[in-house]
Structures are given as structure tokens and as C-alpha cells.
Amino acid sequence: RAQSETAARVARWLEANPAVPEVLYPGLESHPQQELARRQMQGGGTLVAFRVGGERADAFAVLNRLQLIKISNNLGDSKSLITHPASTTHQQLSKEELDKAGVKEGLIRLSIGLENVDDLIEDLKIALG
């Protein structure tokens with residue numbers, strides 16, 4: 001529950017950040033399937049996806065500035081982990097398949113751990129510039 005509550009706070013913070021044009025988190029009103037998530041889930045979960053620009057370099061720049069949140073191909077741990085799906089979990093897909101799946105070059109997936117929410121937000125704040 002703590003991880004899900006932290007994820008919701010981080011998602012709201014990202015959504016309010018002008019450097020982040022898109023946030024995907026089932027607990028946000030802006031999520032296209034928020035109503036379904038509300039019926040099926042007790043919270044929004046621990047995974048937050050967000051886009052920082054249109055290019056892979058935009059995402060990598062953010063990832064490389066993080067200090068607390070660690071880059072990993074695996075998600076779901078007691079520590080916060082982050083990945084770039086287009087170059088890791090979805091790298092075998094064609095451009096057309098990536099587009100169909102909504103996996104853009106600037107998309108990042110963040111798996112929230114048990115760290116203090118303020119520390120996570122501060123790390124993201126610095127990384128986003």
C-alpha cells in the first residue's frame with residue numbers, strides 16, 4: 001500500500017511538471033482507463049509511465065541524471081527502479097509495433113519502491129532539470 005500511495009503522489013507531481021507532457025498512471029483522472037482501474041483496483045499500483053520528450057536522447061538525459069532511482073531492465077522491487085522500454089523490454093518491436101503499443105522514444109517507466117516520497121520527487125526534479 002505504501003508503494004502505491006507513493007506512486008500516486010509521484011504521478012500527480014509529474015503530471016503538474018511542465019517538463020513532462022504525458023503521464024500514464026491508472027490512479028490519475030487523466031488516465032484513459034481510470035474508471036476501469038477504479039472498479040478493479042484498490043489503488044493505482046506502483047508503476048508510473050511518463051514521457052519527457054520525443055526522442056530517446058530526451059529520456060536518456062533524464063535517466064542519466066538520477067541519483068536515488070536506479071536504472072534497471074527489471075521492475076517491481078522494494079527500491080525504485082526506472083527503465084526506457086523502447087531500448088529494453090520492447091527493443092525487439094518494429095517502429096510500427098512500438099507506435100501501436102504506445103511505446104514512444106521519450107517514454108520512461110518508473111517502478112516505485114519504499115523510499116521516502118519527497119526524496120524520490122527531489123531526484124526526479126533534479127533529473128528533469
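Two strands are taken as paired if DSSP finds at least two bridges between them. In the predicted model, this criterion is met by S2 and S5, which run antiparallel and are joined by five bridges. Within this pairing, Leu47 stands opposite Ser111 in S5. Strand S2 also pairs with S1, again in the antiparallel sense, here over three bridges, and the bridge partner of Leu24 in S2 is Ala49. Strand S2 is mostly covered, in that four of its five residues are buried.

The structure holds five salt bridges, among them one that connects S1 and S2 through their side chains. In this contact Arg51 is joined to Glu22, with the closest N and O atoms 3.1 Å apart. Because Arg51 belongs to strand S2 (residues 47–51) and Glu22 to strand S1 (residues 22–24), the pair ties together parts that are 29 residues apart in sequence. The two partners fall on either side of the 20% limit that defines a buried residue: Arg51, with a relative accessible area of 19%, is buried, whereas Glu22, at 23% relative accessibility, counts as partly exposed.

A further salt bridge links Arg56 with Glu105, the closest N and O atoms being 2.7 Å apart. Arg56 is placed in helix H3 (residues 56–65) and Glu105 in the loop between helix H4 (95–101) and strand S5 (107–111), so that this contact ties together parts separated by 49 residues in sequence. Both residues are classed as partly exposed, Arg56 with a relative accessible area of 32% and Glu105 at 26% relative accessibility. Elsewhere, salt bridges that share partners join Glu22, Arg51 and Lys104 into one network.

A salt bridge between helices is formed by Asp118 and Arg9, for which the closest N and O atoms are 3.5 Å apart. Since Asp118 lies in helix H5 (residues 117–128) and Arg9 in helix H1 (residues 2–16), the pair ties together parts that are 109 residues apart in sequence. Asp118 is partly exposed, with a relative accessible area of 48%, and Arg9, at 40% relative accessibility, likewise counts as partly exposed.

With regard to strands S1 and S2, the backbone and side-chain results can be read side by side: the antiparallel pairing over three bridges is accompanied by the salt bridge between Arg51 and Glu22, and these two residues also take part, with Lys104, in the salt-bridge network.

Methods. Residues numbered from 1 in each chain as written. Predicted model: local features only at pLDDT ≥ 70, side-chain atom pairs only at ≥ 80, totals over all residues. Heavy atoms only, no water. Salt bridge = Lys/Arg side-chain N within 4 Å of Asp/Glu carboxyl O. Helix = DSSP H or I, 4+ residues; strand = E, 2+ residues; numbered from the N terminus. Buried < 20%, exposed > 50% of the residue type's maximum accessible area, 1.4 Å probe, protein only.
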